[in-house]
Amino acid sequence: MGDLKEFWHFGQDLNTKKYEQLTNSFGYDAEGAVSPDGDWVVFSSNRSGYNEEMSDSDRQLFEKDKSFKMDIYKKNINNGEIIRLTDVDGYDGGPFFSSDGKKITWRRFSKDGTTAEIYVMDSDGKNTKKITNLNAMSWAPFYHPSGEYILSLIHISEPTRRRGISYAV
């Protein structure tokens, strides 16, 4: 991930074409999605690695791999309130809202970064649930508009090749 310290989210008003900076914390803000009502943006960030105390061993891991402290946050676009939704070592990324805005799905990488499983939680960060256990690399979970299932691309390693398969879970 390199030493990415100043990557932020911007929004653009499609009528006026004006840009507005949505995040500005020191760190790497990535992978944002807007809630269906337009009031919130959910995103991944490693900002805690730059502004929170860590043990010496965690600091060494973070210095080696900046994705070690990637968590999911959401920001109220109207009043600027930022809420941290996950706080787990490793990379939590690729968050998306359900079509009713009540749930968020994302992928969580294993601590060694070799696999990623799909998770869901309420949009307030409560009731986290792991929904896959494939020991594979799961990418881009996204709620179907019906809310009845999540689509994701899963990479399954085979001895002779790697292949990606789209799954509904």
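Here are some numbered notes on the structure above, which is a predicted model.

1. **Overall make-up.** The protein chain contains two helices and 14 strands. Of its 169 residues, 41% count as buried. Looking at contacts with a separation of 6 or more, 33% come from residues 24 or more positions apart.

2. **Strand E6.** A good place to begin is strand E6, residues 71–76, where six of the six residues are buried. Asp71, Tyr73 and Lys75 point one way from the strand, while Ile72, Lys74 and Asn76 point the other way. In a regular strand, side chains alternate between the two faces of the sheet. Please note that the buried set in E6 includes Asp71, Lys74 and Lys75, so do have a look at these side chains in the viewer.

3. **The neighbours of E6.** Strand E6 is joined to E5 by six bridges, and the two run antiparallel. If you would like a landmark for this pairing, Val41 stands opposite Lys75 in E6. E6 is also joined to strand E7, residues 82–84, by three bridges, again in the antiparallel sense. Here Lys74 has Ile83 in E7 as its bridge partner. E6 and E7 make a hairpin with five residues between the strands, and Gly80 takes a positive phi near 85° there.

4. **Strand E9 and its first hairpin.** Which strand pairs with E8 over four bridges? That is E9, and the pairing is antiparallel, with E8 covering residues 92–97. Strand E9 itself spans residues 103–109 and is mostly covered, with six of its seven residues buried. Within the E8 pairing, Phe97 stands opposite Ile104 in E9. Five residues lie between E8 and E9 in their hairpin, and Gly101 in the turn has a positive phi of about 80°.

5. **On to strand E10.** E9 also runs antiparallel to strand E10, residues 116–122, and seven bridges join the two. Thr105 stands opposite Val120 in E10. These strands form a hairpin as well, with six residues between them, and Gly113 in its turn has a positive phi of about 75°.

6. **The nonpolar cores.** In soluble globular proteins, nonpolar side chains tend to be buried together. In this model the largest nonpolar core has 10 residues: Ala33, Trp40, Val42, Ile72, Leu85, Phe97, Ile104, Trp106, Tyr119 and Met121. Strands E5 (40–45), E9 and E10 each supply at least two residues of this core. Another core of seven residues lies apart from it, and Tyr28, Met70, Ala116 and Met137 are among its members. The facing pair Phe97 and Ile104 belongs to the largest core.

7. **The second largest pocket.** How much space lies in the second largest pocket? The value is about 160 Å³. Its lining is made up of Leu61, Lys64, Asp65, Ser67, Phe68, Gly90, Tyr91, Phe109, Ser110, Lys111, Asp112 and Gly113. By class, that gives four nonpolar, four polar and four charged residues. Gly113, in the turn of the E9 and E10 hairpin, is one of the lining residues.

8. **Two backbone angles to look at.** Most residues other than glycine have a negative phi. Lys17, however, has a positive phi near 70°. This lysine lies in the loop between strand E2 (10–12) and strand E3 (19–21), and Lys17 is exposed, with a relative accessible area of 53%. Asn127 is another residue with a positive phi, about 60°, although it is not a glycine. Asn127 is found in the loop between E10 and strand E11 (129–130), and at 57% relative accessibility it counts as exposed.

9. **A serine in a loop.** Is Ser25 buried or exposed? Ser25 is buried, because its relative accessible area is 15% and the cut-off for buried is under 20%. Ser25 sits in the loop between E3 and strand E4 (27–34). From Ser25 to Ser48 the distance is 9.5 Å, C-alpha to C-alpha, with the two residues 23 apart in sequence.

Notes. Residues numbered from 1 in each chain as written. Heavy atoms only, no water. 1 Å grid on protein atoms, 1.4 Å probe; cavity = no way out; pocket = protein on both sides within 12 Å on 5 of 7 lines; lining within 4 Å. Points joined across faces, edges and corners; volume = space filled by probe spheres on them. Nonpolar A, V, L, I, M, F, W, Y, C, P; charged D, E, K, R; others polar. Buried < 20%, exposed > 50% of the residue type's maximum accessible area, 1.4 Å probe, protein only. Pairing = 2+ DSSP bridges. Core = buried A, V, L, I, M, F, W, Y, C linked by side-chain atoms within 4.5 Å. Contact = heavy atoms within 4.5 Å.
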